[in-house]
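This report is meant for a reader meeting the structure for the first time. Please look over the sequence and the fold before reading on.

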Amino acid sequence: RFTNLKSELIDTLTEENLKKTTRKMISKAQVTVDILIRNLYERTADVGFLATDHEICSFLQQPVSGYDEIMLIRKRLQEYVAKYSVYEEIVIIDNDRVVRANLDPDNEILGHVIDDEIIDRTIASDRDFEESFQPSVLLTKRANAHVFSRRIYRPSTNEVLGTIYLF
């Protein structure tokens, strides 16, 4: 009887331990999923906010940008990233596919005309933003890049001024 009781007790303890561990794992998994969903939602909000930012729109409305204007926009992007986000690169491109500004000075694309599938998809999209994970000439440091992109509109007329890419 003692052996049977001992076996029954061990089985019960094992089962309860497994249930407890499973509950903990489910709870941690849910928190992880919630963080991921919130993080992705925040990225869509970031790209929407920056695409309608008054200073970025004004910057793109100017036909040519001098060094001082580019540095002011870069500073604005740096301040935004420092306060709200986790991006390593933000790229602003005009309608002629010229990189007008970018966050990372080591990513030497400023002033280059860019031919990239991400730009084609962003320009053609009727959605609020595009999201992709693929190689991009906009960010050459990585084989693949997770990017959120959106068209930038002139606030008063909804005319497309360019596009913005958050990596």
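In this predicted model, confidence within the protein chain is lowest in helix H1 (residues 2-51), where the mean pLDDT is 90, and highest in strand E1 (residues 90-94), where the mean is 98. The protein chain as a whole averages a pLDDT of 92, and 100% of the residues score at least 70.

**The sheet**

The strands come together in an open sheet of five, in the order E2-E1-E5-E4-E3, and the pairing is antiparallel. At its edges stand E2 and strand E3 (130-134), each of which pairs on one side only. Neighbouring strands of this sheet are turned against each other by 25 degrees on average, with direction ignored.

At one edge, E1 is joined by three bridges to strand E2 (residues 99-102), the two running antiparallel, and within this pairing Ile 92 has Ala 101 in E2 as its bridge partner. E1 and E2 form a hairpin with four residues between them, and in the turn Arg 97 has a positive phi of about 70 degrees.

At the other edge, five bridges join E3 to strand E4 (residues 145-153), and this pair also runs antiparallel. Here Gln 134 stands opposite Ala 145 in E4.

**Helices on the sheet**

H1 packs on the sheet, where it touches E1, E3, E4 and strand E5 (160-166), and its direction makes about 35 degrees with that of E4. Helix H2 (residues 54-61) lies across E1, E2, E4 and E5, and runs at about 125 degrees to E5.

**Helices against each other**

Both H1 and H2 also pack with helix H3, and the two pairs are set side by side in the table below.

| Helix pair | Axes | Angle |
|---|---|---|
| H1 and H3 | come within 13 Å | roughly 155 degrees |
| H2 and H3 | 11 Å apart | about 155 degrees |

The axes of H1 and H3 (residues 67-84) cross at roughly 155 degrees, and because angles over 145 degrees count as roughly antiparallel, H1 is roughly antiparallel to H3. The crossing of these two helices is right-handed. In their contact, Arg 43, Asp 46, Phe 49 and Leu 50 of H1 meet Leu 77, Tyr 80 and Tyr 84 of H3. Sorted by character, the residues of this contact between H1 and H3 comprise five nonpolar, no polar and two charged.

H2 and H3 pack at an angle of about 155 degrees, and that angle therefore makes H2 roughly antiparallel to H3 as well. H2, however, passes H3 in a left-handed crossing. Their contact is made by Glu 55, Ile 56 and Phe 59 of H2 together with Glu 69, Ile 70, Ile 73, Arg 76 and Leu 77 of H3. The residues of the contact of H2 with H3 divide into five nonpolar, no polar and three charged.

Leu 77 of H3 thus appears in the contact with H1 and also in the contact with H2.

Technical notes:
Residues are numbered from 1 along each chain as its sequence is written. This is a predicted model: local features need pLDDT of at least 70, side-chain atom pairs count only at pLDDT 80 or more; totals for chains, interfaces and linings use all residues. Side-chain values use heavy atoms; hydrogens and water are left out. pLDDT is the predictor's confidence in each residue, from 0 to 100. Two strands pair if DSSP finds at least two bridges between them. Axes are lines fitted to C-alpha atoms, for helices over the stretch in contact, and angles run from 0 to 180 degrees between N-to-C directions. Angles under 35 degrees count as roughly parallel, over 145 as roughly antiparallel, 65 to 115 as roughly perpendicular and the rest as oblique. A crossing is left-handed if the near helix is turned anticlockwise from the far one by less than a right angle, and right-handed if clockwise. Contact means heavy atoms within 4.5 Å. Ala, Val, Leu, Ile, Met, Phe, Trp, Tyr, Cys and Pro count as nonpolar, Asp, Glu, Lys and Arg as charged, and the others, Gly among them, as polar.
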